[in-house]
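Me: Could you take a close look at the salt bridges in this structure, partner by partner? Once that is done, please carry the account on into the helix packing, the nonpolar cores and any unusual backbone geometry.

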Amino acid sequence: MEFRALELNSSSSIWNPERIIETLDLMSRVGYNVLVLHEVPVMEELVWPAKFFGAIAEEGGVHRRYREGYKAFYKYNPRRRPTPYHNLDYMRWIARRARERNIDLYLNNKELYFPDAILEFHPELVKNGCVCPSEPFWVEFTETKYDELFTDFPELTGTVTAPGSGESRLAISSSRCTCELCATQSAQEWYTNIISAMHRAATRHQKKLVVRDFVFDHSAQNDLADAMVALDEDITICLKNTPHDYYPTFPDNARIGDVGAHAEWVEFDALGQYFGWGIAPAIMTADLRNRLAFARSKGVTGILVRIDWEGLQGHSALRSMNALNVYASAMLACDQQTTNRQIYELWSSDYSAVRGDLGPVARQEALQWIEDTLEAAWPITSRTLFARDCVFSDSSYIPVSVEHAFWLGEEKNSLRDWDASKWEVLSPTLDNVQIALEEKRVARTLVAELRERVEVGHTGLNPAWHGDLLRRIRTFERYVQLYEVVATAVFGARYLLATGVEADPAVLTATRNSVARLAELAQELRATESTEPYPSVLLLNPQRVDVVREDVEANLVKAGFGDQS
Ligand SMILES: [Zn+2]
């Protein structure tokens, strides 16, 4: 594939010059050729926009704009006064370091976003306490903002944007404005107006524009996708590999290959926001191979791989075994025939997983052991954080209540919205409860076998790396065990609530036992908390365990099973 983009999402990676250089060096070694820096308000870090503060600098240049506007910038927001020139100078430095390595730089944001002062300059934008997304001013604002950005940032190759996400500051899809303009304008018109404003600026400055599909359900996806197809054909469309979000148990995103004449990129998550952050390792070589083959068959020419998450600072796939996903993605995008061994070889040379003094045969044996061990993690993780392929976690945290668990799986991250055969799989029948709990039991058995295998180890492993792996696998096992108990508690409670006195007595016993076990687990986690490293300490959180236990207990009382006798 022509475009192999690595994306940083976490501020602690983006605004860290040493991390940037490390990342660029890694990209060169592995085969990435585009760096994407993604923050929802990243443009607001780089442009005031000066024109709206009365600062007109015809030639452009962030310091010229500052010369014209420093008093106004100071008056309206003293803290933000120097922000655009500090951060633009930094971003230009990154772009030059990237260029030295033949890597292009893109910024990724969500629109609309704007500084507070804009509402002061244009009070007509606020109607009955709501900011109106449909006022034509926003088109002018967007075009001006990008015009200033592109003028002042010649090294930038392009921008990636998701209009209409609830995570932006203003969008037609999440607006509560009830004015006549909002009532008559379609979501499609709104998307088109905003993207066209950005595209006019991009065209003027010969920058690339990539538009992301960022929606949560079928109807919103169709609104945006129809608008996308109709956009100017030199706009690239970027789609997640699975619909809604990065859930590897979901089917391929059906919109891939179905966006008209546009070039297409497909997005992947190497870290696993929804599959364990690398605390539960998930080496996705097989999944990547299949997804990329599908994407290629649909004419996709680029991938975008995010390696960290904006919701979790100070962590990255590169600080976990999921680093292998970062290597696999670029290598498979370069060449679909890349073997697992080639991926593990390159990764191992960076992470010193095997001893340096081995001959070629012994080295291959050690790599085979590592591959067999780490590839065994995903079948465990998929049975832990998913229940019959449905999402069964809160971005890898355990759910906080019975209702929360099923809201996550059936509504918020609904698989059945995309795959009708999954409509009933979580509903509270005895069969479903038994199947779900059997799945969790299998995960617990497999992780114990994996831990035993890692304890035995292999003579070709670098001892330091082996020690690190063993510590990680023990944490993984605790996490899988916790999920089994939580699943028993919440599936059981929901079933008992639905079934009442007719309930199967074995489920009642299992649910009561799991409540007692949750109390013990919380104690154990409190005792080991000081030795648990970041960020696994977040996921093995005793307060979270107490909170879900309290809710299961309350549900048992509600179902008429409060009496333990
Ligand atoms: Zn309105």
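**Salt bridges and what lies beyond them**

Reply: In this model, which is predicted, Asp-25, Arg-97, Glu-100 and Arg-101 are linked in a network of salt bridges. A search of the whole structure gives 48 salt bridges, and three further pairs can be taken one at a time.

One of these pairs joins the side chains of Asp-357 and Arg-355, with a distance of 3.0 Å from N to O. Asp-357 has a relative accessibility of 58% and therefore counts as exposed, while Arg-355, at 31%, counts as partly exposed.

Another pair belongs to helix α16, which covers residues 430–456 and holds Arg-441 and Glu-438. Their closest N and O atoms are 2.9 Å apart, and the two residues are separated by 3 positions, about one turn of the helix. Arg-441 is partly exposed at 36% relative accessibility, and Glu-438 is partly exposed at 38%.

Helix α16 also contains Glu-455 and Arg-451, which stand 4 residues, or about one helical turn, apart. This pair forms a salt bridge in which the closest N and O atoms are 3.4 Å from each other. Glu-455 counts as partly exposed at 34% relative accessibility, but Arg-451 has a relative accessible area of 18% and is therefore buried, the cut-off for that class being under 20%.

From the charged pairs we can turn to the packing of helices. Two packed helices are described by the angle between their axes and the distance between the axes. For helix α10 (residues 285–297) and helix α11 (residues 323–334), the angle is about 30° and the axes are 10 Å apart, in a crossing that is right-handed. On the α10 side the contact is made by Thr-285, Leu-288, Arg-289, Leu-292 and Arg-296, and on the α11 side by Asn-325, Ala-328, Ser-329, Leu-332, Ala-333 and Cys-334. Sorted by class, this contact has 6 nonpolar, 3 polar and 2 charged residues.

Helix α14 (residues 377–385) meets α17 with axes that come within 9 Å and cross at roughly 35°, and this crossing is left-handed. Here α14 contributes Ala-377, Ile-380, Thr-381, Thr-384 and Leu-385, and α17 contributes Phe-476, Tyr-479, Val-480 and Tyr-483. The residues of that contact divide into 7 nonpolar and 2 polar, with no charged residue among them.

Helix α17 leads on to the interior, where the largest nonpolar core has 174 residues, and where Trp-138, Trp-347 and Phe-491 have the most contacts inside it. Helix α17, residues 463–499, gives the most to this core, with 18 residues. The surroundings of Trp-347, with neighbours within four places in sequence set aside, consist of contacts with Met-321, Ala-323, Leu-324, Tyr-327, Ala-353, Ile-370, Leu-374 and Trp-465. A second core, separate from this one, has 10 residues, including Val-160, Val-210, Trp-265 and Leu-304.

Two small buried residues add local detail. Ala-162 is in strand β6 (residues 158–163) and has a relative accessible area of 0%, so it is buried; its C-alpha is 6.6 Å from that of Asn-109, although the two are 53 residues apart in sequence. Ser-13, in helix α1 (residues 11–14), is buried at 5%, and beyond its neighbours within four places in sequence it is in contact with Leu-8, Arg-19, Ile-20 and Asp-308.

The backbone deserves a last look. Most residues other than glycine have a negative phi, and most peptide bonds are trans. Against that background, the peptide bond from Glu-111 to Leu-112 is cis, with omega near 5°, and Leu-112 sits in the loop between β3 (104–111) and α5 (117–121). A cis bond also joins Tyr-534 and Pro-535, with omega about 0°, and Pro-535 lies in the loop between α18 (505–528) and α19 (536–539).

Positive phi values occur at Asn-128, at about 50°, and at Trp-277, near 55°. Asn-128 is in the loop between β4 (126–127) and β5 (130–131) and is exposed, with a relative accessible area of 79%. Trp-277, by contrast, counts as buried at 1% relative accessibility, and its place is the loop between β9 (264–269) and α10.

Notes:
Residues are numbered from 1 along each chain as its sequence is written. This is a predicted model: local features need pLDDT of at least 70, side-chain atom pairs count only at pLDDT 80 or more; totals for chains, interfaces and linings use all residues. Side-chain values use heavy atoms; hydrogens and water are left out. A salt bridge is a side-chain nitrogen of Lys or Arg within 4 Å of a carboxyl oxygen of Asp or Glu. Buried means under 20% relative accessible area, exposed over 50%, partly exposed in between (1.4 Å probe, protein chains only). Axes are lines fitted to C-alpha atoms, for helices over the stretch in contact, and angles run from 0 to 180 degrees between N-to-C directions. A crossing is left-handed if the near helix is turned anticlockwise from the far one by less than a right angle, and right-handed if clockwise. Contact means heavy atoms within 4.5 Å. Ala, Val, Leu, Ile, Met, Phe, Trp, Tyr, Cys and Pro count as nonpolar, Asp, Glu, Lys and Arg as charged, and the others, Gly among them, as polar. A nonpolar core is a set of buried Ala, Val, Leu, Ile, Met, Phe, Trp, Tyr and Cys residues joined through side-chain atoms within 4.5 Å.
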